[in-house]
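Visitor: I would like a close look at a single part of this protein, followed outward into its surroundings. Please take me through that part slowly, and tell me how far the model can be relied on as you go.

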Amino acid sequence: MSNTSKNTPKVGIDRITFATPNCYLSMKDLAIERGIDPNKFTVGIGQSQQAVPPNHQDIVTLGAQAALPLMPYIDSNRLKMVIVGTESGVDASKSSALYIHKLLNLSSWVRCVEVKEACYGGTAALMMARDYVLTHPGAQVLVIAADIARYGVGTPGEVTQGAGAVAMLVSENPRVLQINNDSVVKSAEIQDFWRPVYQSTALARGKFSTEQYIRMFCDVWQKYSAENDCNFNDFEAICFHLPYTKMGLKALQAGFEANSGASLTSDTRERLLARYQDSTQYSRRIGNIYTGSLYLGLISLLDYDYFRNSCDSSEPACDSPEVSCDSSSAANSNESPLHLSPLLPGQKIGLFSYGSGAVAEFFSATLVPDWRSALFSNQHLKSLNNRTQLSVSQYEEMFNSAAPYSPQDFVSSQKNRSGARFVLDSIKSQERNYRSI
């Protein structure tokens, strides 16, 4: 089913991790405050919590923090590029990659760039990295997908806000996933979501954007399956871009309906739905992180398989010091309606990326031997469980205190800095001042 040649070097994701702010808001609390049935948010939209960034956090600090665990695996002689995919850029000219490059004290002899196309930017960066490594044997590329989704207090999109960053190290002979040479991409100028450079919140046609997302998925899947002579039965799991956790489910179900005559087995349907639930667990607790949302879902899929197969979910924690499983959030068997076998090397995972405006891409990745040993599962769960819960009024104050899109000076808050390794201290004379702490 893949166009990957046997002679083509294996290139893909060697390590992958994420970072998110240390504060969050309960969607149940938000719903009650807004006079809305909490089930509309927690069940209808599929969101339980939302990451809220203090004003000393932005895509630069989150991107650097996400990349920090990858530093022991980066060879300064091999690292050739740092690419940031984002739609929350802090400057219309200067790349956020340069700020991150300095905070991480990376080698000067690298190419630092930022790419943009709504939520598709992280995939564009990943594919650029893959292609570069294929033509530059031995090279490493650091890819970061970082965003802060802002729609405004009291707006219809408020429930789909979020903040975070995913960092991926791309190399030959990857330790997690090989990215296959089988992608299908479609582009179309669609006015479903946009953010003019003069404002900090997005504009969206919600229902229309949902329709376009589903249509684009069905289009690229149809072409992908035809070109690669495959169907849903060939995939162990499919991850989706997740502006909210129910969005990908709608597209997956639409794909099932459109391909009902293509030998879709009941086992495949149940397996893909169960794996989908695994892939949404982190997004349910963090919210929308735009360019990183697809890859946060990928991390969630892999981590929850790790939790399930490294822990006894009947116990509150694992005996192994290498992993800590919270049975109420990490290994909850109720999240998966089907008993799932462990993910195995050689199995394929489909990935659907969508960026409003719009660009959509479907491609596959193959798990490599011993992939579990390259995960950061314990650290991920610990970071989520150690966050501080905000009241709705605290969230509103924090949201409204963000660094403004204006030439005025700004000094960030000293509060809620626990756990942050990098901060935006101030903006003076229109220059951003970052430091590590």
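Guide: What follows is a walk around helix 3 and the sheet it packs on, with a few other places taken up afterwards.

The model is predicted, and the mean pLDDT of the chain is 92, with 92% of its residues reaching 70 or more. Residues 312-336 call for care, since over that stretch the pLDDT is below 50, although the model gives the stretch 42 contacts beyond near neighbours in sequence.

Helix 3 covers residues 59-67, and because nine of its nine residues are buried, it is largely enclosed by the rest of the structure. Read along the helix, the buried residues are I59, V60, T61, L62, G63, A64, Q65, A66 and A67, so that the list includes T61 and Q65 as well as residues such as I59 and L62. At the start of helix 3, a side-chain oxygen of D58 comes to within 2.9 Å of the backbone nitrogen of V60. The surroundings against which the buried residues of this helix pack are made up of strand 1 (11-19), helix 4 (96-103), strand 6 (140-149), strand 7 (162-172), strand 17 and strand 18.

Two of those partners, strand 17 and strand 18, belong to an open sheet of three strands, which runs in the order 16-17-18 with antiparallel pairing. Strand 16 and strand 18 are the edge strands, each pairing on one side only. Between strand 17 and strand 18 the antiparallel pairing extends over six bridges, and K428 stands opposite E431 of strand 18. Helix 3 packs on this sheet by touching strand 17 and strand 18, and its direction makes about 155° with that of strand 17. Helix 4 also packs on the sheet and touches strand 17 and strand 18, its direction making about 30° with that of strand 18.

The loops that adjoin these strands hold two residues with backbone angles worth checking by eye. In the loop between strand 16 (410-411) and strand 17 (422-428) lies N416, which has a positive phi of about 55° although it is not a glycine; with a relative accessible area of 27%, N416 is partly exposed. In the loop between strand 17 and strand 18 (431-436) lies S429, which likewise is not a glycine yet has a positive phi, here of about 50°. S429 has 61% relative accessibility and therefore counts as exposed, the cut-off being over 50%.

Another loop, the one between strand 13 (348-355) and strand 14 (359-367), contains A358, and a cis peptide bond with an omega of about 5° joins G357 to A358. S356 is placed in the loop between strand 13 and strand 14 too, and its relative accessible area of 10% makes it buried, because that value is under 20%. The side chain of S356 makes a polar contact with the side chain of D192 at 3.1 Å. Leaving aside neighbours within four places in sequence, S356 is in contact with E117, A118, D192, F193 and S209.

A second buried serine can be set beside it: S377 lies in helix 11 (residues 377-385) and has 3% relative accessibility, so it counts as buried. Its side chain makes a polar contact with the side chain of D303 at 2.7 Å. Not counting residues up to four places away in sequence, S377 touches Y282, D303, Y306 and F307.

To place these details in the wider interior, it helps to turn to the nonpolar cores. The largest of them has 50 residues, among which V141, V166, Y295, L298 and L302 touch the most other members. Helix 10 (residues 293-310) supplies the largest share of this core, namely 10 residues. A second, separate core has 42 residues, including L30, I190, M247 and Y276. For Y295, the contacts beyond four places in sequence are with I16, G122, T123, L126, V166, M168, L351 and F363.

To return to the part you asked about, helix 3 is largely enclosed, with nine of its nine residues buried, and the sheet on which it packs meets it through strand 17 and strand 18.

Terms used. Residues are numbered from 1 along each chain as its sequence is written. This is a predicted model: local features need pLDDT of at least 70, side-chain atom pairs count only at pLDDT 80 or more; totals for chains, interfaces and linings use all residues. Side-chain values use heavy atoms; hydrogens and water are left out. Helices (H or I, at least four residues) and strands (E, at least two) are DSSP runs, numbered from the N terminus. Buried means under 20% relative accessible area, exposed over 50%, partly exposed in between (1.4 Å probe, protein chains only). A polar contact is a pair of N or O atoms within 3.5 Å; within protein, one must be able to donate a hydrogen and the other to accept it, and residues adjacent in sequence count only if both atoms are side-chain atoms. Contact means heavy atoms within 4.5 Å. A nonpolar core is a set of buried Ala, Val, Leu, Ile, Met, Phe, Trp, Tyr and Cys residues joined through side-chain atoms within 4.5 Å. pLDDT is the predictor's confidence in each residue, from 0 to 100. Two strands pair if DSSP finds at least two bridges between them. Axes are lines fitted to C-alpha atoms, for helices over the stretch in contact, and angles run from 0 to 180 degrees between N-to-C directions.
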